[in-house]
Amino acid sequence: AVIGRYKLSVQTTSSGSSSPAILGTFVLLFNPWSSGDDVFLPNTAECEEYVLEEFGIIFAGTKNRINSFGWNFGQFQGDILNICLSMLDRSLNYRQDPATDVSHRNDPKYLGRVLSAMVNANDDQGVLLGNWSGNYEGGKSPSSWTGSGEILQNWKKSGFKPVRYGQCWVFAAVLTTVLRCLGIPTRTITNFSSAHDADGNLRVDEFYDASGNHLDRSADSIWNFHVWNESWFSRSDLGPSYSGWQVLDATPQEESGGIYQCGPASRNAIKEGDVDLDYDCPFVFAEVNADCMYWNYEATTGKKTLMFSKSTVIGQFISTKAVGRDDRVDVTTDYKYEEGSTKERDVFKKARKKLGLEDKFDPTAPTPQEIDQKPDISGRFKVAGPLEVGKDLSLILVLENLQSDAKTVHVNMTAWSTVYTRRPVHEIRKDSISATLSPKEEIQLPIKILYTEYQQQLTTDNMIQVTALCHVEGGIQVLVQRDITLDNPAIDIQVLGEAKVNKEVDVEVIFTNPIDMELMNCVLQVQGNDLLRGILEIDVPPVKASEKSSTKFKLIPSETGRKHLLVNFSCDKFADIKTFKMVNV
């Protein structure tokens with residue numbers, strides 16, 4: 001049966017005349033508890049987490065420093081079911097051919113694909129407009145949202161105009177809400193060092209100029225992290241070995257079938273390199289497996305030189321929230337065999353072959369000689385102090401001479417603030433330094449970036465990319481790079497007393513200003529299903545340098561059980577400091 005809203009009426013016949021009476025309406029959903037359903041999930045604890053749980057944790061940051069924040073999916077609140085059903089009636093497929101569209105609404109793979117298109121605004125005036133510029137005027141910054149409800153309600157209230165703005169985790173969180181609401185088990189997945197392979201060659205090319213600036217010359221990119229969805233259903237079109245978790249991605253990255261949609265791609269197909277299967281397997285395969293090539297590009301001559309290539313950078317620490325616990329679970333081995341193992345390389349070759357990349361000459365690819373060239377020195381950035389917004393950033397550039405003769409190195413260093421896609425936004429620092437390294441010598445060059453230097457330049461992602469391009473006299477250039485995430489200061493929630501149904505309980509939120517400047521325009525936003533109605537917004541008085549701020553408010557819980565309170569604090573110097581607290585009612 002197709003899902004959706006049904007009218008139920010009863011027909012009574014007496015002495016030859018019949019009269020219908022409408023009894024009411026009901027909504028039919030998918031049922032993961034029922035063994036005959038396409039979305040049947042045998043483990044009931046997983047059904048509870050992936051369909052009934054309204055709170056989630058999303059992982060972000062960088063592979064060196066994973067952080068997380070809470071999210072209110074809120075799939076059972078207020079008007080959400082109606083909004084999700086109206087989303088189906090606003091899709092391009094429905095507008096083009098309503099009867100055919102509705103007849104496919106018994107199929108989770110069809111609905112997953114349609115909804116992955118509807119959650120982004122591209123093509124169809126869908127829910128969210130993406131913005132990765134670092135400038136979010138005319139809307140809300142993507143990092144300021146803490147739940148899907150507000151986004152979906154705003155979409156409906158505005159007469160279904162796209163809500164501004166989303167980035168990957170916002171698209172994924174909203175899709176989670178919609179699919180859970182319709183009864184399809186769904187979770188968010190974060191992939192660290194995620195490849196965006198625009199040209200489908202399973203290779204990501206990055207270009208740098210002689211000063212070490214990251215150039216915008218390629219449509220390919222490597223994101224510090226990317227968030228997508230997995231939904232659980234059978235694949236009658238592919239066969240039982242491809243059933244189970246399916247990748248869906250509502251972030252508009254590349255067109256599929258002429259519109260911005262992605263999936264469902266069977267996770268098993270990705271792991272086995274079966275990239276010829278529906279839908280969008282090559283793109284998802286590349287997100288977790290692409291090889292990286294780092295090039296030096298000379299603008300005047302147009303000459304590009306390969307600095308180095310890596311096949312183990314992409315697709316690390318693939319993460320999701322644990323079932324029934326607020327912990328991180330690593331699912332990397334569900335996407336690929338162990339990095340560097342023969343099996344993993346065989347799968348990569350199989351995928352290349354299926355995509356026709358093995359037999360085709362690629363003029364942009366590096367030569368085997370370029371790939372095999374060995375550098376004379378190695379380098380890395382070491383962190384030598386706290387990674388916190390408001391503190392100076394201390395790093396050490398460690399350079400080691402790998403040869404048995406002396407080497408002279410000219411280092412061009414840059415530091416840029418970036419968004420999480422590693423797109424540079426503002427230059428923070430530019431330096432150059434020369435050094436001579438004795439045979440096999442290791443030297444350490446300290447680098448300090450002051451808070452006053454980066455404070456104005458930082459994006460809401462709190463990310464800085466440091467790059468050192470080392471020109472070795474008579475040898476190949478060496479690129480040393482690190483993406484750094486700075487932590488926001490901590491914020492603390494205390495529930496003062498026992499939380500009971502329909503009884504007031506006080507909550508205190510405490511924040512200490514870590515910098516020697518006054519914080520202005522301080523706002524606290526609080527939400528939590530069954531703890532308070534809607535979103536509570538509190539204006540907090542300015543917080544003087546190094547002072548503690550305390551804000552109190554009341555909750556009146558409406559239901560028993562484990563509930564989550566989500567808090568978001570913003571001011572002129574810190575954007576979106578988030579935390580959550582489990583409240584046992």
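Is aspartate 291 buried or exposed? Aspartate 291 is buried, with a relative accessible area of 14%, and since the cut-off for calling a residue buried is under 20% relative accessible area, this value falls on the buried side. The structure discussed here is a predicted model. The points below begin with the annotated binding site to which aspartate 291 belongs according to UniProt, and then turn to an annotated domain, to the strands and to the cysteines.

**Annotated binding site**

- An unreviewed UniProt entry carries the annotation "binding site" for Asn289, Asp291, Glu339 and Glu344.
- These residues are spread over 56 residues of sequence, yet they cluster in space, with a largest C-alpha distance of 12.5 Å.
- Among the residues of this annotation, Asn289 and Glu344 are included in the lining of the second largest cavity.
- Aspartate 291 belongs to strand β13, which covers residues 291-298, and, when residues up to four places away in sequence are not counted, aspartate 291 touches Leu202, Arg203, Val204, Lys310, Ser311, Arg345 and Phe348.
- Glutamate 344 belongs to helix α11, which covers residues 342-354, and glutamate 344 is buried, with a relative accessible area of 4%.
- When neighbours within four places in sequence are left aside, glutamate 344 is in contact with Asn289, Tyr337, Glu338 and Glu339, and two of these residues, Asn289 and Glu339, are also covered by the "binding site" annotation.

**Annotated domain**

- The unreviewed UniProt entry places the feature "domain: Transglutaminase-like" at residues 160-252.
- Within residues 160-252, 15% of the span is helix and 44% is strand, while the C-alpha atoms at the two ends lie 18 Å apart.

**A sheet of four strands**

- Four strands, in the order β27-β26-β29-β30, form an open sheet in which the pairing is antiparallel.
- At the edges of this sheet stand β27 (536-540) and β30 (577-584), and because each has a single partner strand, one side of each is left without a neighbour in the sheet.
- On average, and with direction ignored, neighbouring strands of this sheet are turned by 20 degrees against each other.
- Within the sheet, strand β26 (residues 522-527) pairs with strand β29 (residues 562-570) in the antiparallel sense over five bridges, and valine 526 stands opposite valine 567 in β29.

**Strands β25 and β28**

- Strand β25 (residues 505-512) pairs with β28 in the antiparallel sense over eight bridges, and the partner of valine 507 across these bridges is phenylalanine 553 in β28.
- In a regular strand, the side chains alternate between the two faces of the sheet.
- Strand β28 (residues 548-555) has a covered face made up of Ser549, Thr551, Phe553 and Leu555, whereas its uncovered face consists of Lys548, Ser550, Lys552 and Lys554.

**Cysteines**

- A disulfide is a covalent bond between the sulfur atoms of two cysteines.
- A search of the whole structure finds zero disulfides, and for cysteine 168, which is in no disulfide, the nearest cysteine sulfur is that of cysteine 262, 13 Å away.
- Cysteine 168 counts as buried, at 0% relative accessibility.
- The closest cysteine sulfur to that of cysteine 292 is in cysteine 168, 18 Å away, and is therefore too far for a bond.
- Cysteine 292 also counts as buried, at 0% relative accessibility.

Note on methods:
Residues are numbered from 1 along each chain as its sequence is written. This is a predicted model: local features need pLDDT of at least 70, side-chain atom pairs count only at pLDDT 80 or more; totals for chains, interfaces and linings use all residues. Side-chain values use heavy atoms; hydrogens and water are left out. UniProt positions are given in the numbering used here, feature names are shortened, and annotations may be inferred rather than shown by experiment. On a 1 Å grid over the protein atoms alone, a cavity is a set of points where a 1.4 Å probe fits but cannot get out, and a pocket is an open set with protein on both sides within 12 Å along at least five of seven lines; lining residues have an atom within 4 Å of a point. Buried means under 20% relative accessible area, exposed over 50%, partly exposed in between (1.4 Å probe, protein chains only). Contact means heavy atoms within 4.5 Å. Two strands pair if DSSP finds at least two bridges between them. Axes are lines fitted to C-alpha atoms, for helices over the stretch in contact, and angles run from 0 to 180 degrees between N-to-C directions. A disulfide is a pair of cysteine sulfur atoms within 2.5 Å.
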